[in-house]
Amino acid sequence: MAWEYIIEGISGAFRLVLSGNAELLDIAFRSVKVSGIAAMLSALIGIPVGVAMGLASFRGKGLLKSVFNAMLGIPTVVMGLILYLFLAPAGPLGMLGLLYTEMGISLGQMLLVLPIVVSFTANAIESVEGEIRDLVMTLGASRVQGMIKVIEEAVSGIALSVIAAFNRAIAELGIALMVGGNIFVKGGELNTRVLTTSIQMYVARGEIEFAIALGTVLLAIVFLVTALSNYLQRRWAHD
């Protein structure tokens, strides 16, 4: 009986996916948009910081790297709670009106994945920095030209940091639930349901088919983005 229930749920889920269910597609597109914005914002901030950390040598660099590395494992529910307290109407940033909005989720996810971009970028720079810079300098290049060459050689690692940030953002639940609220107002513009919060909601309702369908779409997005990243890395390796 249990296996029949599971198989029935999976088959129903695939029917929903293949039929192009409007609600399912709406939730999926919103998830990609929200997490895509978070990944882009984290890249705009994190890549310059990571490059600077990788290239520079200063007192306290090891401690700073340790802080960013420690933040990689921060529980999303804790981050969600902190952001909720800051963005709530009575909180320090309540006047921004970001609570229960798509942009609020994006900013929260950006803070969550920023350490990924910074740490991965710094590690990518450091993995090629010494050897490449010395070679370029030996050939008569300036210090700036040497830095540019190091960054070019680390492009695949930097791109990987952004891909990892997106996958982490789209798969998290705590921030999306606490900051977004998983709200849907029929006929209105307020809608903050994303894949992870919707999966949790439909499981709680007992609507397993729709939950499995959403989970299938989430896994497909993650695998597609990862496959694209692997393809681009192979291309860069051959160039």
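1. Leaving aside neighbours up to four places off in sequence, leucine 83 is in contact with Gly108, Leu111, Ile175 and Val179. In this predicted model, leucine 83 has its place in helix H4, and because its relative accessibility is 10%, leucine 83 counts as buried. One of the partners, leucine 111, lies 28 residues from leucine 83 along the chain, and the C-alpha atoms of these two leucines are separated by 9.6 Å.

2. As to the overall architecture, the chain has ten helices and zero strands, so that the order of elements, read from the N terminus, is α-α-α-α-α-α-α-α-α-α. Of the 239 residues, 41% count as buried. Among the contacts with a separation of 6 or more, 74% are accounted for by residues 24 or more positions apart. The accessible surface of the chain comes to about 13,000 Å², and 69% of that surface belongs to carbon and sulfur atoms.

3. The largest nonpolar core deserves a point of its own. This core has 20 residues, and those with the most contacts inside it are Leu195, Phe210, Leu214 and Ile221. Two or more residues each are given to this core by helix H1 (2-18), helix H2 (22-55), helix H7 (155-171), helix H9 (195-205) and helix H10 (208-238), with H10 giving the most, namely eight residues. In general, nonpolar side chains tend to be buried together in soluble globular proteins. Leucine 214 touches Leu24, Ile27, Leu195, Ser198, Ile199 and Tyr202, when residues up to four places away in sequence are not counted. Apart from this core lies another, of 14 residues, including Ala88, Leu98, Leu99 and Ala169.

4. The charged pairs come next, and the count of salt bridges comes to seven. Which residues does the network of salt bridges link? Asp26, Arg30, Lys33 and Glu102 are its members. Within this network, arginine 30 forms a salt bridge with aspartate 26, the closest N and O atoms being 2.7 Å apart; both residues lie in helix H2, four residues apart, which is about one turn of the helix. The two partners differ in exposure class, since arginine 30 is buried, with a relative accessible area of 8%, whereas aspartate 26 is partly exposed, with a relative accessible area of 34%.

5. Arginine 30 also meets glutamate 102 through a side-chain salt bridge, with an N to O distance of 3.2 Å. Because glutamate 102 lies in helix H5 and arginine 30 in helix H2, this pair ties together parts that are 72 residues apart in sequence. Glutamate 102 counts as partly exposed because its relative accessibility is 24%.

6. A further salt bridge joins the side chains of lysine 61 and glutamate 126, at 3.2 Å from N to O. Lysine 61 lies in helix H3 (residues 61-71) and glutamate 126 in helix H5, so this pair ties together parts that are 65 residues apart in sequence. Is lysine 61 buried or partly exposed? With a relative accessible area of 16%, lysine 61 is buried, while glutamate 126, with a relative accessible area of 30%, is partly exposed.

7. Threonine 192 merits a look, having its place in the loop between helix H8 (174-180) and H9. Although placed in a loop, threonine 192 is buried, with a relative accessible area of 1%. Residues up to four places away in sequence aside, threonine 192 touches Arg30, Tyr100, Thr101, Glu102, Ile105, Gly180, Gly181, Asn182, Ile183 and Thr197. That list includes Arg30 and Glu102, the two side chains that meet in a salt bridge.

8. Tyrosine 100, another residue touched by threonine 192, has its place in the loop between helix H4 (76-87) and helix H5 (102-138). Tyrosine 100 is partly exposed, because its relative accessible area is 31%. Tyr100 also belongs to a nonpolar surface patch of about 990 Å², which is made by Val77, Val78, Leu81, Ile82, Tyr84, Leu85, Phe86, Leu93, Met95, Leu96 and Tyr100. Membership of such a patch requires over 30% relative accessible area, and the value of 31% for tyrosine 100 satisfies that cut-off.

Key: Residues numbered from 1 in each chain as written. Predicted model: local features only at pLDDT ≥ 70, side-chain atom pairs only at ≥ 80, totals over all residues. Heavy atoms only, no water. Patch = residues over 30% accessible without salt bridge, like charges linked within 9 Å, V, L, I, M, F, W, Y side chains within 5 Å. Areas by Shrake-Rupley, 256 points an atom, 1.4 Å probe, with all protein chains shown as cover. Salt bridge = Lys/Arg side-chain N within 4 Å of Asp/Glu carboxyl O. Buried < 20%, exposed > 50% of the residue type's maximum accessible area, 1.4 Å probe, protein only. Contact = heavy atoms within 4.5 Å. Core = buried A, V, L, I, M, F, W, Y, C linked by side-chain atoms within 4.5 Å.
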